[in-house]
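User: Please take a close look at the salt bridges in this model, and say how buried or exposed their partners are. Some context from the remainder of the structure would be welcome as well.

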Amino acid sequence: MTFTFVTLFSNLMQGYFQDSILKRAIDNGRFTIAFIDPREFSLNKHNKVDDTAFSGGAGMVMSPQPLSDTLKSLHEEHDNLHVIFTTPVGKPFTQNDAKRLAQKEHLVFVSGRYEGIDERVIEQYADELFSIGDYVLTGGELPSLVMCDAIARNIEGVLGNSDSLAIESFETPLLEAPSFTKPQHFQGLSAPSEYLKGNHSKIAALKIGLSECKTKFFRPKRLITEQKRKLYEK
Ligand code: SAH
């Protein structure tokens, strides 16, 4: 699996892969990363990559030529690319997308900057458009890293213990139950004693109860969806 990042600011991104789980996964050959700068493809004599918007207004728009030529050259060099554009107006990225995209051979993430990207490049090259939430950032680099991280941990062998994937929040309708570690008593607060007694069925029942409470509080819509699904199954 390869992740290629199309960005004007690869320096902002590279550090993220230089430590911890993703570094280990790259060292072990679980996936590879590459960066490509559209400025290198600019035909403008000053290597310009943006211009004023036709419709007026403040801010610059990323010009179509450098980005289009970058993506064209990637397509010429590689088969089976899946090209994702980052944009606040895209489909909200979810855990299901992370799992689905972990099966792809080569993902390309395009980071916009300024007021965004000339729509014709998106029209021509995007396989999918994703947003990481209803807020506006200064660029697509963080969204690309967020999605890459969520996808990468679903690639076989990236996480040490594959069990840690199955029971996580968003893998089931319920959010994950609260976690505790030693010591049992900490600053006047105790971890649930049932967790420590070793009766696995009781622990499981308690965790489901705690998961339901958490889901009701933080994501009530997930419970309603699950209740509806059960009704239809009957
Ligand atoms: N003018 C645009 C915002 C541009 S922000 C608008 O109002 O829709 C500049 C770039 O940051 C975008 O091209 C995109 O690549 C990235 N970006 C900003 N917020 C984002 C978000 N919530 N999700 C994904 N990408 C985002």
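Analyst: A residue is called buried when its relative accessible area is under 20%, exposed when that area is over 50%, and partly exposed when the area falls in between, with a 1.4 Å probe and only protein chains counted. The model is predicted, and the values below are computed from it.

Lys23 is a suitable starting point: its relative accessible area is 33%, so this residue is classed as partly exposed. Lys23 pairs with Asp27 in a salt bridge whose closest N and O atoms are 2.7 Å apart. Both residues belong to helix 2, which spans residues 20–27, and because they are four residues apart there, about one helical turn separates them. Asp27, for its part, has 54% relative accessibility and therefore counts as exposed. This pair thus joins a partly exposed lysine to an exposed aspartate.

The structure as a whole contains nine salt bridges, and two further examples are worth describing. In one of them, Asp118 and Arg120 are the partners, with their closest N and O atoms 2.7 Å apart. Asp118 is buried, since its relative accessibility is 14%, whereas Arg120 is exposed, since its relative accessible area is 52%. Beyond such pairs, Lys91, Asp97, Arg100 and Glu128 are linked into one network by salt bridges that share partners.

One bridge between members of that network is formed by Asp97 and Lys91, and here the closest N and O atoms lie 2.7 Å apart. With 4% relative accessibility, Asp97 is a buried residue. Lys91, at 40% relative accessibility, falls in the partly exposed class.

The ligand site gives a further view of the model. Its shell comprises 18 residues, and the closest of them are Thr86, Gly112, Glu115, Tyr135 and Leu137. Sorted by class, the shell holds eight nonpolar, nine polar and one charged residues. Several polar contacts involve the protein backbone. Gly112 places a backbone N or O atom 2.9 Å from an oxygen atom of the ligand. A polar backbone atom of Ile132 is 3.1 Å from a nitrogen atom of the ligand, and a backbone N or O atom of Leu137 is 3.0 Å from a nitrogen atom of the ligand. The ligand on its own exposes 560 Å², of which the protein buries 84%. Two elements contribute two or more residues each to the shell, namely strand 5 (81–92) and strand 7 (128–131). Strand 5 makes the largest contribution, three residues.

Two places outside these groups complete the description. Phe9, Leu12 and Tyr114 form a nonpolar surface patch of about 280 Å². Within that patch, Leu12 belongs to helix 1, residues 11–14, and its relative accessibility of 54% makes it an exposed residue. Pro38, in turn, sits in the loop that runs between strand 2 (32–36) and strand 3 (50–52). Although it is a loop residue, Pro38 is buried, with a relative accessible area of 1%. Its C-alpha atom is separated by 29 Å from that of Gln95, which is 57 residues away along the chain.

How values were computed. Residues are numbered from 1 along each chain as its sequence is written. This is a predicted model: local features need pLDDT of at least 70, side-chain atom pairs count only at pLDDT 80 or more; totals for chains, interfaces and linings use all residues. Side-chain values use heavy atoms; hydrogens and water are left out. Patches are made of residues with over 30% relative accessible area and no salt bridge: like charges are joined within 9 Å, nonpolar side chains (Val, Leu, Ile, Met, Phe, Trp, Tyr) within 5 Å. Accessible areas come from the Shrake-Rupley method with a 1.4 Å probe; for residues, only the protein chains shown count as cover. A salt bridge is a side-chain nitrogen of Lys or Arg within 4 Å of a carboxyl oxygen of Asp or Glu. A residue is near a molecule or strand if one of its heavy atoms lies within 4 Å of it. A polar contact is a pair of N or O atoms within 3.5 Å; within protein, one must be able to donate a hydrogen and the other to accept it, and residues adjacent in sequence count only if both atoms are side-chain atoms. Ala, Val, Leu, Ile, Met, Phe, Trp, Tyr, Cys and Pro count as nonpolar, Asp, Glu, Lys and Arg as charged, and the others, Gly among them, as polar.
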